[in-house]
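Subject: Handing over the structure

Hi there,

Here is the structure I promised to pass on to you. Have a look at it first, and then read on for what turned up.

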Amino acid sequence: MADRVTPMIGEHSDDVAELVAQYAQLPAGAPVRLAKPTSNLFRFRAPSETPGLDVGRFTKVFDVDAEAGTAQVQGMATYEQIVDALLPTGHIPKVVPQLKTITLGGAVAGLGIESTSYRNGLPHESVREMEVLTGDGSVVVARRDNEHAELFRGFPNSYGTLGYALRLEIELESVKPFVKLRHVPFATAEECAEAIARVCADGEFDGEPVDFVDGTVFTPSEHYLTLGSYVDSAPFTSDYTGTRIYYRSLQQRRTDYLSIRDYLWRWDTDWFWCSRAIGVQHPLVRRFWPAQYKRSDVYRRIVAWDRKHSVTDRLAVLQGKGLNEPVIQDVEIPVERLPEFLEFFHRDIGISPIWLCPVRLSDTRGWPLYPMDAETLYVNVGFWATVPLRPGEAPGRHNRAIERKVTELDGHKSLYSNSYFEEDEFWRLYNRPAYQRLKDTYDPKGRLPGLYEKCVRER
């Protein structure tokens with residue numbers, strides 16, 4: 001294994017200089033957007049008439065220091081690119097979000113999560129420093145302990161409204177070649193929540209260490225926790241990139257083994273379970289669907305095309321059916337209130353399966369724009385589907401009900417998809433004073449959209 005990847009500092013500096021020049025040439029008052037080939041946001045906006053910032057070259061992973069356990073990564077590098085660069089050194093980022101084309105900068109400016117989050121927190125918590133192109137066109141280096149510390153702490157959950165991360169120094173985790181999985185069933189949400197709390201507190205289950213924790217809810221009486229452990233060798237390994245479907249294996253077997261690479265991307269092949277909406281899980285379709293197109297970014301482009309042209313809605317009208325409301329959200333719920341949320345969700349929303357992923361902040365100071373309690377173990381609850389609307393119901397009814405319930409339970413909602421908060425309510429939840437100080441400092445002329453305007457009004 002290589003201990004070091006050759007630095008590319010000079011090349012990165014050239015990339016930065018070119019991007020700053022591009023930014024300076026954008027017309028005053030024109031919306032600023034990034035020109036990049038992929039997105040994992042589910043806020044579909046009208047195309048901009050002005051050119052976007054070309055960030056296509058900001059995808060490098062360099063200065064990997066295996067001994068120190070750190071790497072320098074450009075902000076538009078996808079986690080697929082990062083993992084490909086780091087695995088030969090025996091490392092991965094401390095948190096690797098589950099979809100290949102999520103970028104490091106996107107996971108830090110938004111919120112990423114995965115099955116190491118119960119012990120490593122969120123992706124931005126393993127960032128040591130970040131180089132940011134701010135709204136006023138400056139490039140600053142922000143760390144926990146320098147003059148830009150407030151930006152460092154306020155950048156997470158800012159969604160590109162304060163600036164863009166160009167380079168980040170991240171902490172790494174050593175890995176083993178394989179992951180042993182145990183799929184543990186629970187009949188009730190109460191039993192599942194109690195097990196989550198116990199495993200995350202102890203770091204073990206039935207005497208075996210646990211390195212990864214996530215879960216899947218199929219019905220009110222069928223819950224599974226998947227507990228992963230690093231191992232040096234495996235008696236067999238499964239492959240879920242072909243005809244077999246990973247999430248179905250949770251119901252079919254109690255023990256499984258995956259290579260570390262296949263474990264990291266176990267959800268990407270079928271976009272968790274959302275590929276079924278596109279027909280990719282049908283046996284005949286799956287047999288002939290090219291392997292290179294069994295990817296979350298391919299499915300997301302199909303959904304974006306459908307949203308743009310309203311094909312599904314038009315077909316529903318022609319068939320005499322009502323419209324459907326997209327309900328695509330991730331929310332954090334305190335673990336002790338998880339059963340209450342799931343009861344509401346089964347009764348009033350009815351989407352299944354549901355993803356569970358425990359998370360506890362690793363930095364006790366917290367993060368101002370997404371104010372989770374550092375002493376609380378939360379469970380990320382993810383659900384991604386559509387819900388039928390009754391005649392006369394406007395889109396947003398179900399999402400709004402979820403927003404209210406999450407707030408009632410002292411939870412938090414991620415902002416990567418549609419939101420329906422009233423403005424005063426939004427700012428009570430996402431810390432307007434802290435955000436406004438940062439906006440006034442780093443984007444005083446308002447070149448970038450505001451957080452409410454971008455995440456709720458979709459501007």
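Let me start with one of the enclosed spaces: α13 (397-408), β18 (412-413) and α14 (423-430) each give at least two residues to the lining of the second largest cavity. The biggest share comes from α13, with 3 residues. Please keep in mind throughout that this is a predicted model.

The second largest cavity has a volume of about 50 Å³. If you would like to find it on screen, look for Glu403, Val406, Thr407, Gly411, His412, Lys413, Phe421, Leu429 and Tyr430, which line it. Sorted by class, that lining has 4 nonpolar, 3 polar and 2 charged residues.

How many cavities of 30 Å³ or more does the structure hold? There are 3. The largest cavity encloses about 80 Å³ of space. Around the largest cavity you will find Ile92, Pro93, Lys94, Val96, Glu114, Ser115, Thr116, Glu173, Phe212, Tyr263, Leu264 and Arg266. The elements that contribute two or more residues to this lining are β5 (91-93) and α8 (260-264). Here the classes come out as 6 nonpolar, 2 polar and 4 charged residues.

There are pockets to look at as well. The second largest pocket holds about 160 Å³ of space. Its lining is made up of 14 residues, and Lys100, Thr241, Asp262, Trp265 and Thr269 are the ones nearest its centre. By class, the lining of this pocket divides into 4 nonpolar, 3 polar and 7 charged residues.

Next, the sheet. Strands of a sheet pair through backbone hydrogen bonds, either parallel or antiparallel. In this model, an open sheet of 8 strands runs in the order β14-β9-β13-β12-β16-β17-β15-β18, and its pairing is antiparallel. β14 (255-259) and β18 stand at the edges with a single partner strand each, so one side of each has no neighbour in the sheet. You may remember β18 from above, as one of the elements that help to line the second largest cavity.

Further inside the strand order, β16 (residues 354-359) and β17 (residues 378-388) run antiparallel and are joined by 5 bridges. A handy place to see how they face each other is Leu356, which stands opposite Val381 in β17.

What lies across the strands β12 (212-219), β13 (222-231), β15 (324-334), β16 and β17? That is helix α12 (residues 338-348), which runs at about 5 degrees to β17.

Helix α12 also meets another helix, α6 (residues 189-202): their axes come within 9 Å and cross at roughly 145 degrees. This crossing is right-handed. On the α6 side, the contact is made by Ala189, Glu190, Ala193 and Ile196, while α12 brings Leu338, Pro339 and Leu342. The contact has 6 nonpolar residues, no polar ones and 1 charged residue.

Finally, two details of the backbone deserve a glance. Most residues other than glycine have a negative phi, and most peptide bonds are trans. Against that background, the peptide bond from Ser352 to Pro353 is cis, with omega near -5 degrees. You will find Pro353 in the loop between α12 and β16. The other detail is Asp63, a residue other than glycine whose phi is positive, near 50 degrees. Asp63 lies in strand β3 (residues 61-65).

Enjoy exploring, and do write back with any questions.

Best wishes

How values were computed:
Residues numbered from 1 in each chain as written. Predicted model: local features only at pLDDT ≥ 70, side-chain atom pairs only at ≥ 80, totals over all residues. Heavy atoms only, no water. 1 Å grid on protein atoms, 1.4 Å probe; cavity = no way out; pocket = protein on both sides within 12 Å on 5 of 7 lines; lining within 4 Å. Points joined across faces, edges and corners; volume = space filled by probe spheres on them. Helix = DSSP H or I, 4+ residues; strand = E, 2+ residues; numbered from the N terminus. Nonpolar A, V, L, I, M, F, W, Y, C, P; charged D, E, K, R; others polar. Pairing = 2+ DSSP bridges. Contact = heavy atoms within 4.5 Å. Axes fitted to C-alpha atoms, helices over the stretch in contact; angles between N-to-C directions. Left-handed = near helix turned anticlockwise from the far one by under 90°.
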